[in-house]
Amino acid sequence: MQRPPPPEDYSLKETSPHLGGGGVTGDKLTSTYDLVEQMQYLYVRVVKAKELPAKDVTGSLDPYVEVKLGNYKGTTRHFEKKTNPVWNQVFAFSKDRMQASTLEVIVKDKDMVKDDFVGRVVFDITEVPKRVPPDSPLAPQWYRLEDRKGDKVRGELMLAVWMGTQADEAFPEAWHSDAAAVSSEGLANIRSKVYLSPKLWYVRVNVIEAQDLIPGDKTRFPEVFVKVILGNQASRTKISQSRNINPMWNEDLMFVAAEPFEEHLMLTVEDRVGHNKDEVLGKCVIPLQNVERRLNNRVVNAKWYNLEKHVIVDGEKKEIKFASRIHLRICLDGGYHVLDESTHYSSDLRPTAKPLWKNSIGVLELGILNAQGLLPMKTKDGRGTTDAYCVAKYGQKWVRTRTIIDSSTPKWNEQYTWEVFDPCTVITIGVFDNCHLHGGGDKAGGAKDSRIGKVRVRLSTLETDRVYTHSYPLLVLHPSGVKKMGEVQLAVRFTCSSLLNMLHIYTQPLLPKMHYLHPLSVTQLDNLRHQATQIVSMRLSRAEPPLRKEVVEYMLDVDSHMWSMRRSKANFFRIMGVLSGLIAVGRWFDQICNWKNPLTTILIHILFLILVLYPELILPTVFLYLFLIGVWYYRWRPRHPPHMDTRLSHADNAHPDELDEEFDTFPTSRPADIVRMRYDRLRSVAGRIQTVVGDLATQGERLQSLLSWRDPRATALFVTFCLIAAIVLYVTPFRVVALITGFYVLRHPRFRHKLPSVPLNFFRRLPARTDSML
C-alpha cells in the first residue's frame, strides 16, 4: 500500500549559524559583519601597466589582463593601441571553490585570430597576505612581467592581491568567480545595491472660483468644471452649481508628487456642452517648484492665475490673451505621511517634512545569510536552475543582495542596517529569481523577475538586543494552491538606544498629526496609495541597475485590496477567533447560572455579594484580574517572531476555483460561463450577508419602536413599566436592587422555565419596518 506524501513543513525553524566568525553571545559583537557568516575571498586589483612591448606587425598593442585561478578566468576590458593602460578593476574568487595553489595574472594582446601572450605575474596562494577591515586597503605594487619560463621580460603591472571577506569595500563592485558565465552587459544586474525611495509629497489643490470665462455658446448657461492633471494622475471637480461665467467650487483635489519634481500641474477649465463633449475655456500650467510647502494645517494664501486659450488660425495654433482667471489655493502638504504600503504592515510612519521627524529610537540590523531547497524557477540547457537574490525594504531604504548564479542553496551573507523611528513597524524581505543576467532583458521578450517568497518581521514582536536566527519558509500562493519554494535564513537584531523614548512612542498617535487634524477619506487614501506605489515603482525601475516594477509591487503588496473569497473566509474566522473569548465567557456564565458546578456558583454568589456591598472594589478587582492573567501568560510568551501562517490565511485548503478567481485579472479575462457561476456564488454569499444585516436592522428598529407609539399597546405597557420602575428604584436602595437582580439571574434551575423570559417575549413582539420593505 502506497503511503500518502508527508505534509509540507511550513513551520519556522530556529538555527545556530556561525555568525561573525564566532558564536552569538548576549553582548553585541564588535565586528561590522557580526550577523552573517564570514566568507573568504581572494581579491585581485588590476590597476595599470606601463612600458608594455608592442606585439603587432604595425608596432601597436591592444592590451587586456586575464586573471586565472584554476578553472576560473576573469578578464579586464581591452584598450586599443595603448602601452600604458589603466584598468583599476577588482576580481574576487571564492575560497570555498578554489582548486589551484597558484594565481596567474596574464597580460595579453587582443588580436583578430589569436590573442598574443605578453607576460604574466604568478602568485603562490599560501603567500597572499590577509586583510581584515577596518585595516586600510592594501597598497598596489609594481610587478615585473615574466614569460612562460619564468624569465623577466619588458613591461610592468601594478597589482594588489589579498585575502579578505565580504566586508571588504571592494566586494560590491568586484567581478565574482561565481558569476563567470554572466555577460559583461548583465554584470550590473547581479551586484548588490542600496536604493532610496523618492521623497513623496501630497499636493493639495483647492479650486475656489473662476472669473470672466468666455464660453463658446453664450446663449446657454455654462456647466463648468475644472480638470487637474499631474503626471499620470487626473482628477476633476464637480460641475459648478452657479451656472454663470463666474463659477464657484471650493473643492479640494489631492495628488502625489515625488522629488525632484519633474511634472507640472496642468489645470483646464472646461464646459460640458453635450454628452461626452467638453469645451476647453482656458488652461494654466503651474510648476511644483514654485508651490508653497506647509508643515501643519495653517491656511495657505490663495492666488489668482491667468487662464490661457489656444485657437487654430490657418492651421496654426495661436495663443489668445483674454481676461479669464482662476482662484486657487495650492500647497505641498508636508505634515502627512504619504502611504505607499498598507497601514497594517507599514515600515515607516514619519511625515514628509524632515523638520517634523522625531529622534530615532534604535537600530535594526538584518543579516541575510542563505536560502535552502529553492525550487527551480526556469529551464536552461534542459535543466532547472535558479538565480536568486534578496530584496529588503524598511522605511525609505531598499537593499538588494547580489545574485547567486545557478544555485538552489545560495549563500549571500550580507548585512544591512536601518535607523528605527517607531517600533510598531514591519520589515519586508523578498526572494526573487533574476531573469536579466544577459542584459537587455526588458526588450527581449519582456522577462520578469519571478517571486520566490516573502517574509515580514514586526519589530514590536522582537526583544531588544537579542539576535534572532531563524529559517523562514518561503510560501507563494499559486492558482494550484500554496507552495513552499524553499527557506531563507535570516539573523535579525533590534537595538534600542533609549527604553524610555521607545515606551513613550506607544502613547503617541500612529500617524502624523495632520492625519487627525485634517483627515483624508478612506477612498482618497486608497487612491493616493495606488498613485504613490506607481511613482515609487517607476522611479526605482529607472535606477541603475533597476529595481524592477514587479519586485517593488510585490514588496508593497499592491494587489492586497483585490477581492478574494479565500481572504474573506480568513478574515471571517479571524473575527470569530477574536469573539471566541467572549463566547467562552458567555458559556461559562451560562454554566454558572445553571449550577453545573455548585461549588463554583456558590463562590460566584459570595464574590457578587462582596462587590455589591463594597462597589469601590469592582474596578481594582477587574484590573488585578487582568494583571494576574498577563503574568500567568508570560510563561508561554512567543519566543520566535511570527511568520506566514497558511492555516490562518486559509491557503492550505482553498478551493481551486476560488484561487483561480483570486488570480483573475481586473476586469475579468475568464469565459462567460465561469464568470456567471462566480457571480451566482457571490450573489448567494451576499444574500446571506443581506439577511444578517436585515436582522440587525430589525433589532434596532424594535428598540426605536419602544417609544415611537408605532404599536400603541406595547409603548403604553413600556411607558407604564418605566414609571413604576422609576418609583421603585427611587424608594429602594441601589444595593438591594443589585442584589435582587443578581440572585434572580443566578437562581437555581428548579426555579427556571425553559420558555423564553417575559422581557424577551415582549421585545420580539415589537414591530419593525420590515413590513414596509418591497
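Which helix is L603 found in? Okay, hold that thought for a second, and keep in mind that what we have here is a predicted model.

So, L603 is found in helix α6. Is this leucine buried or exposed? L603 counts as exposed, because its relative accessible area is 52% and the cut-off is over 50%. And L603 has company out there: together with L599, I602, I606, L609, I610, L613, Y614, L617 and F743, L603 makes a nonpolar surface patch of about 880 Å². Helix α6, residues 598–613, gives the most to that patch, with seven residues.

Okay, next up, helix α3, which covers residues 522–541. Quick sanity check on the geometry: at 1.5 Å a residue, the 20 residues of α3 should span 28 Å, and the end C-alpha atoms sit 29 Å apart, so that agrees. Now, α3 has a set of buried residues, namely L528, R529, A532, T533, I535, V536, S537, R539 and L540. Yes, two arginines are on that list, R529 and R539. What do the buried residues of α3 pack against? There are strands, β11, β12, β14, β15 and β27, and then helix α4, residues 549–555.

Last stop, a hairpin. Strand β3, residues 63–69, pairs with strand β4, residues 72–75, in the antiparallel sense, over four bridges. If you want a spot to click on, E66 stands opposite T75 in β4. The hairpin has two residues between the strands, and G70 takes a positive phi there, near 65°.

That's my tour, over to you.

Methods:
Residues are numbered from 1 along each chain as its sequence is written. This is a predicted model: local features need pLDDT of at least 70, side-chain atom pairs count only at pLDDT 80 or more; totals for chains, interfaces and linings use all residues. Side-chain values use heavy atoms; hydrogens and water are left out. The expected span of a helix is 1.5 Å times one less than its number of residues. Buried means under 20% relative accessible area, exposed over 50%, partly exposed in between (1.4 Å probe, protein chains only). Contact means heavy atoms within 4.5 Å. Patches are made of residues with over 30% relative accessible area and no salt bridge: like charges are joined within 9 Å, nonpolar side chains (Val, Leu, Ile, Met, Phe, Trp, Tyr) within 5 Å. Accessible areas come from the Shrake-Rupley method with a 1.4 Å probe; for residues, only the protein chains shown count as cover. A salt bridge is a side-chain nitrogen of Lys or Arg within 4 Å of a carboxyl oxygen of Asp or Glu. Two strands pair if DSSP finds at least two bridges between them.
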